[in-house]
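This report concerns a protein model with a bound ligand. Please consult the sequence and structure shown here while reading.

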Amino acid sequence: MSDHDTPTPKHPDLHEFFAKDPAAADRAFFGRETCSDRRGFLRGAGLATMAAMVGAAIPLHRNMPGGLIPAAFADENVLVGKDGLTLLNDRPVNAETPPHLLDDAITPTARHFIRNNGIAPTDTDPATWTLTVDGMVDNPMTYTIADLQSRFEVVTMALTIECGGNGRAFFDPPAKGNQWTYGAVACSEWTGVRLKDVLAAGGVQSGVVYTAHVGADAHLSGDPGKLPISRGVPIAKAMTDNVLIAFAMNGGALHPMNGAPLRLVVPGWPGSCSQKWLQRVYLRDVVHDGPKMTGKAYRVPSYKVEPGEKVDKKDFVIIERMPVKSLITNPANGAGSGRSIEVRGHAWSGDRTVAAVDVSHDFGATWMAAELDAPASDGAWQNFRAQVELPAAGYYELWARATDSEGVMQPHAIDWNPKGYLNNTMHRVAVRVS
Ligand SMILES: Nc1nc2c(c(=O)[nH]1)N[C@H]1C(S)=C(S)[C@@H](COP(=O)(O)O)O[C@H]1N2
Ligand SMILES: [Mo]
């Protein structure tokens, strides 16, 4: 199995401090509290701490503007605690993981991608966090995290989360939205309680159709009445065994950008179902119509369309399970190699298992079956490996294709749709043998 350690970020204290409570951090460092008026100057303990963090005295500290984050670590500010992610956008934060950094069977917290639709909350103390379960339940309840832990069975499961828009960058004509390439997918080990147990304790009323999820993140507009995203799932999906309300990730705290201190994990369905910073789940007798549930968000046409084709709004349907897919995590694209190489990666198919992964080194002329592991738990991706012998020096491509338990194989060409969802074409990486 893989190494579960989270690499230590270079300047954890400052970043943790600013991420947790920017006002307090400003006060400590600069002797001023507000973000809009940070004209204080570094002094006393703040100066000493800052000097310790940049690793040297700051002779000209009197000229340092209040609120300034030293350039020595300004660039990593939004990705603190993350390792090697590619930042696509910083407001909201969106960052993906290069495939070769997803080589571990279980994705380390530092390498779990980030997809935010709004601004992450900063007041996320697990001791005071609450989850309200209401709507069409007999007994509406509000739980602390400690309540959840003591009242329900705590389980740990490796579960795959993939953004519905993973692979959007390869759509032609292009689709608007985050230009994810391959790395908006991860399989961490999540610890929490089952959503189904918590809903059952509330007493699910007859006539419930859908869940509705509410998180604590703020809308980009700053309007407190607006939610950035509120998704839900059909009640039957919510009542399955591997849908978790998670309070731990890889044996530690959830990363602040991955929903700390509490989130849903709905494996195999678009990542958007897995509400982060979870505060409320309510049950409804209609399909939930929160932000990003309606219109064309996380929806595809109900029939096959030509690339670029205009599709009427009424013909879009909500994406449920994610399609069969695989990712090569070794070698890295463009790597140099010897003639003998282990091709490794993961394969998954939402709500199903993967039955086979084949690998080709000759542009798809021939395929060899890879060794394929069972999922670590129901909802986890499956690891594959194949030892490939390349005939001579030169340029090669390694391709992988997965086939799921229903016999569905990854396609060669993108099934184009207007919003760029569900790209599950085969992954290829280049290698050069010298
Ligand atoms: N509260 C909240 N939950 C959210 C989101 C969000 O913006 N806010 N983004 C969703 C989307 S679109 C995805 S793909 C997953 C990504 O989870 P991650 O950021 O932990 O990788 O979180 C989902 N849950
Ligand atoms: Mo997503």
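The text below treats the ligand site and then one sheet. The model is a predicted one, and the values are computed from it.

**Ligand site**

Ligand 1 sits in the largest cavity. Its surroundings comprise 19 residues, and the closest are Phe113, Asn117, Asp217, Arg263 and Lys276. Sorted by class, this shell contains seven nonpolar, eight polar and four charged residues.

Polar contacts link side chains of the protein to ligand 1, and the following table sets out three residues that take part.

| Residue | Ligand 1 atom | Distance |
|---|---|---|
| Asn258 (side-chain N or O) | oxygen | 2.8 Å |
| Gln275 (polar side-chain atom) | nitrogen | 3.2 Å |
| Lys276 (side-chain N or O) | oxygen | 2.5 Å |

Lys276 thus appears twice in this account: it is among the closest residues to ligand 1, and an N or O atom of its side chain lies 2.5 Å from an oxygen atom of the ligand. Ligand 1 would expose 540 Å² if taken alone, and the protein buries 100% of that area.

**An open sheet**

Which strands form the open sheet, and in what order? There are five, arranged as E15-E22-E21-E17-E18, with mixed pairing. Strand E15 (335-337) and strand E18 (368-369) are the edge strands, each pairing on one side only. Strand E17, which spans residues 354-360, is joined to E18 by two bridges, and these two strands run antiparallel. Across this pairing, Val359 has Met368 in E18 as its bridge partner.

Technical notes
Residues numbered from 1 in each chain as written. Chains lettered and ligands numbered in written order. Predicted model: local features only at pLDDT ≥ 70, side-chain atom pairs only at ≥ 80, totals over all residues. Heavy atoms only, no water. Near = heavy atom within 4 Å. Polar contact = N/O pair within 3.5 Å; in protein donor to acceptor, adjacent residues only side chain to side chain. Areas by Shrake-Rupley, 256 points an atom, 1.4 Å probe, with all protein chains shown as cover. 1 Å grid on protein atoms, 1.4 Å probe; cavity = no way out; pocket = protein on both sides within 12 Å on 5 of 7 lines; lining within 4 Å. Sits in = over half its atoms within 2 Å of the grid points. Nonpolar A, V, L, I, M, F, W, Y, C, P; charged D, E, K, R; others polar. Pairing = 2+ DSSP bridges. Helix = DSSP H or I, 4+ residues; strand = E, 2+ residues; numbered from the N terminus.
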